[in-house]
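I opened a fresh page for this model and jotted things down as I looked them up. Here is the structure, so you can follow along.

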Amino acid sequence: MGDPAAFFAMGGYAGFVWPAYGLAFVVLVGLAANSWWRYRQSVIALERLQQPRRIRP
Amino acid sequence: MPWCGWGATVVLAVGLSWSLAVAPPDYQQGDTVRIMFIHVPAAWMALSVYLFVAVVSAVALVWRHPLAEVAARAAAPIGAAFTLVCLATGSLWGRPMWGTWWVWDARLTSVLVLFFLYLGYIALVNAFDDPSRGGKAGSVLALVGIVNLPIIKFSVDWWNTLHQPASVMRLGGPKIDVSMLVPLLVMAAGFSLLFLTLLMLRMRTFLNERKAVALRLNAAAAAPAPRPPRERTAAAHPGAG
């Protein structure tokens, strides 16, 4: 396990193991990033809508 | 919610390093067995998230609980993502071990149908201008699609397939060595925490968006501009005259 080259070679299956992990990472992190971005957008939109109401009275 | 997100990150980091570096290679499959540590938990999530969507859809239809429909809407894209991960990693595992990227056998085809059910649900709930109508149509689709779950689960027993039968969730206990079972369960726990985090985040987003729409409608109803002057003063100061 100590040899990094052997670790990255994955016993000759590097072409299958790393794409599998990479793809899962891209899909799940992409979904998480999109969810977070949409959440922030919704909070910002809501704050904008609520702001003038607080000032008016 | 933040603790759940950090929990998911930590558990997934532990699970990933365990799966990639600590767990031993399989005596037959070599290092390709490491694909299992994402493929199998993703498949479990694909099925259980669909079950979740179907159950909360039933709650939404029968008891009309407003949060149930929001939960179903929020969960479906997460389930679709897990199904996509399951299909893609399965393909990448099938190529070196079976000699093919894809076969049209019962297990693979039924999981592909599950993916299309998710996509159909997402498209259907967004196809209506009125969110409650879209939610109702989507709930019916989610409930009809539930027949696919036992087909997926038992496809490996009912039909001849390249896919191996269940080795963890079977009667008589898991048939897999502890050195691989533990990282597998850690990854499954990480995926479950990730699902919970994203579910809560997406539900909050949806509720925020709904609240924003209501506020805009209120603001539009109270807006003085499009009304004639006399009515406007009456509306702006109700009870003043």
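**Entry 1: α2 against α5**

Is the crossing of α2(B) and α5(B) left-handed or right-handed? I looked it up, bearing in mind that this is a predicted model, and the crossing of these two helices comes out left-handed. Next I noted the contact itself. From α2(B) I listed Val53(B), Ala54(B), Ser57(B), Ala58(B), Ala60(B) and Leu61(B), and from α5(B) Gly135(B), Lys136(B), Ser139(B), Ala142(B) and Leu143(B). Sorted by class, this contact has 7 nonpolar, 3 polar and 1 charged residues. For the geometry, I found an angle of about 130 degrees between α2(B) and α5(B), the latter spanning residues 131–144, with the axes 8 Å apart. An angle between 115 and 145 degrees counts as oblique, and therefore I wrote down α2(B) and α5(B) as oblique to each other.

**Entry 2: chain B as a whole**

I stepped back to see what these helices belong to. Chain B has 8 helices and 0 strands, so I had no sheet to trace by the definition of strands used here. Along the sequence the pattern reads α-α-α-α-α-α-α-α.

I then checked the overall dimensions. The radius of gyration of chain B is 24 Å, whereas a compact globule of 241 residues would be near 18 Å. The box filled by the C-alpha atoms, taken along the principal axes, is roughly 90 × 35 × 30 Å. Of the 241 residues in chain B, 36% count as buried. I also looked at how far contacts reach along the sequence: of the contacts in chain B with a separation of 6 or more, 74% are between residues 24 or more positions apart.

**Entry 3: α4 against α6**

My next pair was α4(B), residues 106–125, and α6(B), residues 148–158, whose axes are 8 Å apart at an angle of about 170 degrees. That angle makes α4(B) roughly antiparallel to α6(B). The crossing here is left-handed. On the α4(B) side I noted Ala106(B), Arg107(B), Ser110(B), Val111(B), Val113(B), Leu114(B) and Leu117(B); on the α6(B) side, Asn148(B), Ile151(B), Ile152(B), Ser155(B), Val156(B) and Trp158(B). The class split for this contact is 9 nonpolar, 3 polar and 1 charged.

**Entry 4: α3 against α7**

Which way does this pair cross, left-handed or right-handed? For α3(B) and α7(B) I found a right-handed crossing. Their axes come within 9 Å and cross at roughly 130 degrees. The two helices are therefore oblique to each other. In the contact, α3(B) supplies Val70(B), Ala71(B), Arg73(B), Ala74(B), Ala75(B) and Ile78(B), while α7(B) supplies Phe195(B), Leu198(B), Leu199(B), Arg202(B), Met203(B), Phe206(B) and Leu207(B). I counted the classes too: 11 nonpolar, no polar and 2 charged.

**Entry 5: Phe52 and Arg64**

I picked out two residues of chain B for a closer look. Phe52(B) sits in helix α2. Is Phe52(B) buried or exposed? Phe52(B) has 20 C-beta neighbours inside 10 Å and so counts as buried. I also took one distance from Phe52(B): its C-alpha atom is 8.9 Å from that of Ala71(B), 19 residues away along the chain. Ala71(B) is one of the α3(B) residues in the contact with α7(B).

Arg64(B) is found in the loop between α2 and α3 of chain B. Its phi is near 55 degrees, a positive value in a residue other than glycine. I noted Arg64(B) as exposed, because 11 other C-beta atoms lie within 10 Å.

**Entry 6: the partner chain**

Last, I turned to chain A, which has 2 helices and 0 strands. Of its 57 residues, 19% count as buried. How many residues does the contact take from each chain? I found 32 from chain B and 25 from chain A. On the chain B side, the elements giving two or more residues are α2 (36–62), α3 (66–98) and α7 (178–222). The largest share, 12 residues, comes from α7(B). By class, the side of chain B that touches chain A has 19 nonpolar, 5 polar and 8 charged residues.

Conventions:
Residues numbered from 1 in each chain as written. Chains lettered and ligands numbered in written order. Predicted model: local features only at pLDDT ≥ 70, side-chain atom pairs only at ≥ 80, totals over all residues. Helix = DSSP H or I, 4+ residues; strand = E, 2+ residues; numbered from the N terminus. Rg over C-alpha atoms; globule rule 2.2 N^0.38 Å. Buried ≥ 20, exposed ≤ 12 C-beta atoms within 10 Å, placed from the backbone. Contact = placed C-beta atoms within 7 Å. Nonpolar A, V, L, I, M, F, W, Y, C, P; charged D, E, K, R; others polar. Axes fitted to C-alpha atoms, helices over the stretch in contact; angles between N-to-C directions. Parallel < 35°, antiparallel > 145°, perpendicular 65-115°, else oblique. Left-handed = near helix turned anticlockwise from the far one by under 90°.
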